[in-house]
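Me: I have a model open and would like to understand the labels attached to it. Could you take me through the reasoning behind them?

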Amino acid sequence: MKTALLIIAAALYAASPYLGVLPGWTPSVATVATFIALSLIGMNLIFGVAGMLAFGQAAIVALPGYVAGMLEASGMPAAAAIPAGILAAVAAARIVGEIFIRLPGTYFAIGTLGFAFVMEGVARAFPSTTGGASGLMLSREIVLGELGWYVLALATLAAGIACYVWFLRGSMLRTLRQVRHDELAAEVLGIDVVRTKLRVFTVGSVFSAVGGVFLAHYVGVVVPDSAGVIRSLEQLAMVIIGGAGSAAGPLVGAALVQWLFVAAGEAGRFEVLVYGAGFLLAVLFAPEGIVGLVRRGWAGLAPARKAAPISVPATPVPGVAAVRRSGICLKVESVAKNFGGLQAVDNVSLEVPFGVIVALIGPNGAGKTTLYNILSGIEEPSSGRVLIEDSDMASVPPHRRARHVGRSFQVARLVPQMSVLENVAVRADQLGFTSEAARLAAAGAQLAWFGLGELAGRRAAELGSGYHKLVELARAAVGEPALLLLDEPAVGLAPEEIERLCHFLTLLRERGAAILIVEHNVALVARIAERIFVMNQGRIIAAGTGPEIMADPKVREAYLGALE
Amino acid sequence: MNLFTQAIISGLMTGAVYALLAIGLVLTYRTTRLINLAHGETFAIGGVTAAALITAGVPMYGALASAVVAATAFMLVLHRFVLRPRAHWPISGLILITLGVAFVVRGLLLLWIGPDMVSFSRLFAGPPIRLLGGALPKQGLFLIALGFGLAAAVALFLGLTRKGKELLATAENADASQLLGVNVEAVRLLAYGIAGALGGISAVILVPLISVDFQAGLSMTLRGFIAAAIAGMSPVGAILAGLGLGLLEGLVTTYIGALSQDPIVFFALICLAVWQSRKIRFGGVRRA
C-alpha cells in the first residue's frame, strides 16, 4: 500500500512539468528544483538527521561549480573537471569539520557561517579567476536537451535518495539519534562522537557538492551569492519547510519553494522575507515540516496502526555467557582532581575486585560524580592513575573504555523518542555484532533477561522514571562489561522496583562483574555491598563493611554535622 | 601619513564596536545560555532606522534616540515573546529561532530601504584630528571613547552592583538564584535590553563612518561572537578581545590589503578553534 503510493507520487512528480496543471512549473524549473533537492539531501543528513547546525552549506554547494569552472577555463574537459570540483569541495568540508566539530555545537554553527562569508568574499575579490560579482561561466560541453537534463536530474536525485536511505540503514540512524540527543551518553556508550559527526558532515557534503556541480552546469554560471550566507539559510529553510530528517523533505521543500517563487512572478525584494518567514514559521510551529504535517494528517485519517509485537527470546543471548573472572578489576591509585582552587577529588585510592559489589557513599558534593567522570574518561585526573583490568586508562578516551565499563547516570539518560529496544541496542551496536538482526536480538535478549521484555517496543518517553533506571541498568550491562559504574541506581525507584534492582545486581555479581555503586540509600548499600567507602570533601574518610561504617564516628559526623 | 598610526586608529574604531557587540552577546549568553544569532540585527536595525528617519527629515538627535530605542525594543520583544515562552526547548532549537529572526529582520529591512548602502551625517563634523601622522575623525574619537567607556561601564556594573551580581548569579545557576530571591526573568530581560541598546548605540556612531545595508546583521554577529568566544564569555575579556580583533583587522587590512575583512576574522576564529581544541581531551563532550 505504502510502496504503491510512493511509486504513484514519484511518477506524478516526474510527469508534473509536462502535465501543465501547475502554472509556471516548466521542465527547466523542475530540473533546477530537482538538482537543488539533490544538494539538499546533504543539508538534510547533517542538520535534519544528525542535528548539526551547519549554517554555511551553500559554500559547499557552490565550491565544486567554481573549481570545475576554473579547471574548464584552463582547458580541462568537463568529465574530469566535475569530479575534481566535487573532490575539492568535500576536502574543504572535511577541513572545516576537522577544525570545528571537536568544539561545542555553537562553534560549528559560527564556523560554517564564517566559511560561507569567506567563500562569498573570495569569489567576489578575484574577478580574473572567479568572474567576480558577475559570476563564472561554465563549460557548455554537456549537450543535453531539455528532456535529457530533466531525466539526468531525476536519475541523480533517485540515486541520491537511495544512497541516503542506504547510509542510514542498520545502526547508523540509531547512532545519530543518540549522538544528537545526548553526546555525553553516546560517548560513554562507546560511540566515537567526533568521528561520527565528521563522517556525517563529510558524507552530507558529498551530496551537497554533487547536486551543486550539476546545478551549476545546468544553469551555466555560478555567482558569489550562491556561495554565501543568505543562500545557506535559504537551503536550511527549504529543508525545514519540506521536513527535516525525512527522505522526501528536501524534494518537497525545494519543489514547493521554487514553484512558489515562479508562480508569484518576480519576487524580487520579497524573496528574503518570504524565505525568512517560512523558515521561522516552520521552526516555531511545524518543526517536522510539510512531510511531518502530511504524515500526522494521514495518521489521523487511517485507522490506528497496532504496534507489531517484537519477539523477544526468553533465554539470555547466546554468546553472552557467564564469565568467571577473579582478581582486581578496578584499581584507583591516589587520584586527585581540582577545578581551579576547588579540590573535588583528593588523593583517592580504592579497589573493586571481580564478583564484588563495592559502594561509595557520602554527602552531596563529596566528589563522587567527579570520580565517576574520571573513571569513565570524561574528566582527566589532575594526578594519580586509574587501572582497569591491569591496563592504565590514562590515554584511553571514554568510547574506548565502553567495552570494559558500563555506566548508568544519576538521572537516566535514554533517548525519549527511541524505543526501549533501540536504546539498549545502541550499546549492542558497539560490541562487534556483524548484522542488524544480531544487534537487535542481543538487545532484546538483554531486556528479556532483566525481565523487561514486554517493554521492548515502547518508546522510552512513555515509561516512568523507575523503569528508565532499570532499562539503563540493562543497557549498561549489555555484553557483560568487566566493570559496572552505577550512579544512584535506586533513586526514584518504588520499593518493589528496588527489590528487582537488588536481584539483578546480585545476579550480575554472581556472573563475575565488578560493580561500583554510588548510593544514598544506606539500607540498600548495607544489604548488598561487601565493602563500603565513605567520601567527604573529596577524600575517603572511612572504609569497611556496613556495620563498621555505621559505627564510625567520622562518618556520622560527615552526615549529621559536628558531634563534637 | 603614517600607515601604522592609521591602522591603529581604524583598529581602535572597529574594536570599540566589536567590544560593544561582544559584551552584549556575553550578557545574553550568560543569562540564558544561548548564543543569540539575531544579536547583530540590533546593529542593522539601529543603523537603518537612524538613516531612514534622518532622510525623512526627523531631527538628528530624535532619529538617533529612536534608533537606539528600536534596537532595544527588538531585543526585549525577541526575548519576552519569542524565546522566553520556549525556554524549555533544546538549545539548538532556540539557536535556529534566533537565526530565523535574523533572516526575517533582513527581509524587512530590505523591503524598507532597498538593497543599497545607507548612511547619515556625522554628529561631530569638522576636519579630522592629526595625530602621530594619522588622521582620526572627530566622530571616530567619540566612537572610541564612548564604545570602550560604555563597555567598561557595563563590566563595572556587572562586577560591582547588586543587579549586576544578580545577573551573573543567574548565569551560574538560574534555579538557585531564583530560590535566593533573584527575579530571574527580570534579570534576563534587563540583559537583553542592555545588549540591544549597546548594539543600537554602536550602530548610530559607526554608521556615519562606514554606512550600513540590510544585511549587516549576521556579519556583526559573527564578529561579536568571535570576540566573545576569545574572551571565554567574560565581560572584561570581551572588551579586550574586541579591541584585539579590531586592531588585527586594522593592521591586516592596512599592510596585507583589504581582500575582504571576512577572511581575517574567520582566520582568527580558526586559530581560536584550534587553540580551544587542544584543551579538549576527549572530543567536544559536555560534562555529566
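Reply: Gladly. Let's start with one term: a contact means heavy atoms within 4.5 Å. Please keep in mind that this is a predicted model. By that contact cut-off, K368(A) touches L360(A), I361(A), G362(A), P363(A), V518(A), H520(A) and M535(A), leaving aside residues up to four places away in sequence.

Me: Where does K368(A) sit, and what makes it a buried residue without a salt bridge?

Reply: K368(A) is placed in helix 15 of chain A, which covers residues 368–376. A salt bridge needs a side-chain nitrogen of Lys or Arg within 4 Å of a carboxyl oxygen of Asp or Glu. For K368(A), the nearest side chain of opposite charge is that of E488(A), at 5.0 Å. That lies beyond the 4 Å cut-off, so no salt bridge is assigned to the buried K368(A).

Me: How do you know that R174(A) and D429(A) do form a salt bridge?

Reply: Their closest N and O atoms are 2.7 Å apart, and the cut-off is 4 Å, so the pair qualifies. Both R174(A) and D429(A) are buried. The pair also links distant parts of the chain, 255 residues apart: R174(A) is in helix 8 (residues 171–181) of chain A, while D429(A) is in the loop between helix 17 (420–428) and helix 18 (436–449).

Me: What makes R385(A) and E333(A) a pair that ties parts of the chain together, and are these residues buried or exposed?

Reply: The N to O distance between their side chains is 3.1 Å, which makes a salt bridge. R385(A) belongs to strand 6 (residues 383–388) and E333(A) to strand 3 (residues 328–339) of chain A, so the bridge ties together parts 52 residues apart in sequence. As for exposure, the class between 20% and 50% is called partly exposed. R385(A) has a relative accessible area of 38%, so it is partly exposed. E333(A), at 28%, is partly exposed too.

Me: Which class does F339(A) fall into, and why?

Reply: F339(A) is in strand 3 of chain A. Its relative accessible area is 30%, so it counts as partly exposed. The C-alpha atoms of F339(A) and S382(A) are 9.1 Å apart, with their positions 43 residues apart along the chain.

Me: Why is E166(B) called buried and R162(B) exposed?

Reply: Buried means under 20% relative accessible area and exposed means over 50%. E166(B) has 13%, so it is buried, whereas R162(B) has 67% and therefore counts as exposed. The two form a salt bridge, their closest N and O atoms being 3.5 Å apart. Being 4 residues apart in helix 6 (residues 162–172) of chain B, they are separated by about one helical turn.

Me: How many salt bridges are there over all chains, and how many between chain B and chain A?

Reply: The structure holds 28 over all chains, and the count between chain B and chain A is 0. Polar contacts across that interface also come to 0 residue pairs, with both residues required to be at pLDDT 80 or more.

Me: Then what makes up the interface of chain B and chain A?

Reply: The two chains bury about 4600 Å² between them, 80% of it on carbon and sulfur atoms. On the side of chain B, helix 4 (91–113), helix 9 (216–230) and helix 11 (261–279) are the elements that give two or more residues. Helix 4 of chain B has the largest share, 15 residues. By class, that side of chain B has 31 nonpolar, 11 polar and 6 charged residues. In contact terms, 48 residues of chain B meet 55 residues of chain A.

Me: One more. Why is I46(A) called buried, and what does it touch?

Reply: I46(A) has a relative accessible area of 0%, which is under the 20% cut-off, so it is buried. It lies in helix 2 (residues 27–49) of chain A. Not counting residues up to four places away in sequence, I46(A) touches several residues, including G51(A), M52(A), V200(A) and F201(A). The C-alpha atoms of I46(A) and K197(A) are separated by 8.4 Å, although these residues are 151 apart along the chain.

Definitions and conventions. Residues are numbered from 1 along each chain as its sequence is written. Chains are lettered from A and ligands numbered from 1 in the order in which they are written. This is a predicted model: local features need pLDDT of at least 70, side-chain atom pairs count only at pLDDT 80 or more; totals for chains, interfaces and linings use all residues. Side-chain values use heavy atoms; hydrogens and water are left out. Buried means under 20% relative accessible area, exposed over 50%, partly exposed in between (1.4 Å probe, protein chains only). Lys and Arg count as positive and Asp and Glu as negative; His and the chain ends are not counted. Buried area is the accessible area (1.4 Å probe) that two parts lose on being put together, summed over both. A polar contact is a pair of N or O atoms within 3.5 Å; within protein, one must be able to donate a hydrogen and the other to accept it, and residues adjacent in sequence count only if both atoms are side-chain atoms. Ala, Val, Leu, Ile, Met, Phe, Trp, Tyr, Cys and Pro count as nonpolar, Asp, Glu, Lys and Arg as charged, and the others, Gly among them, as polar.
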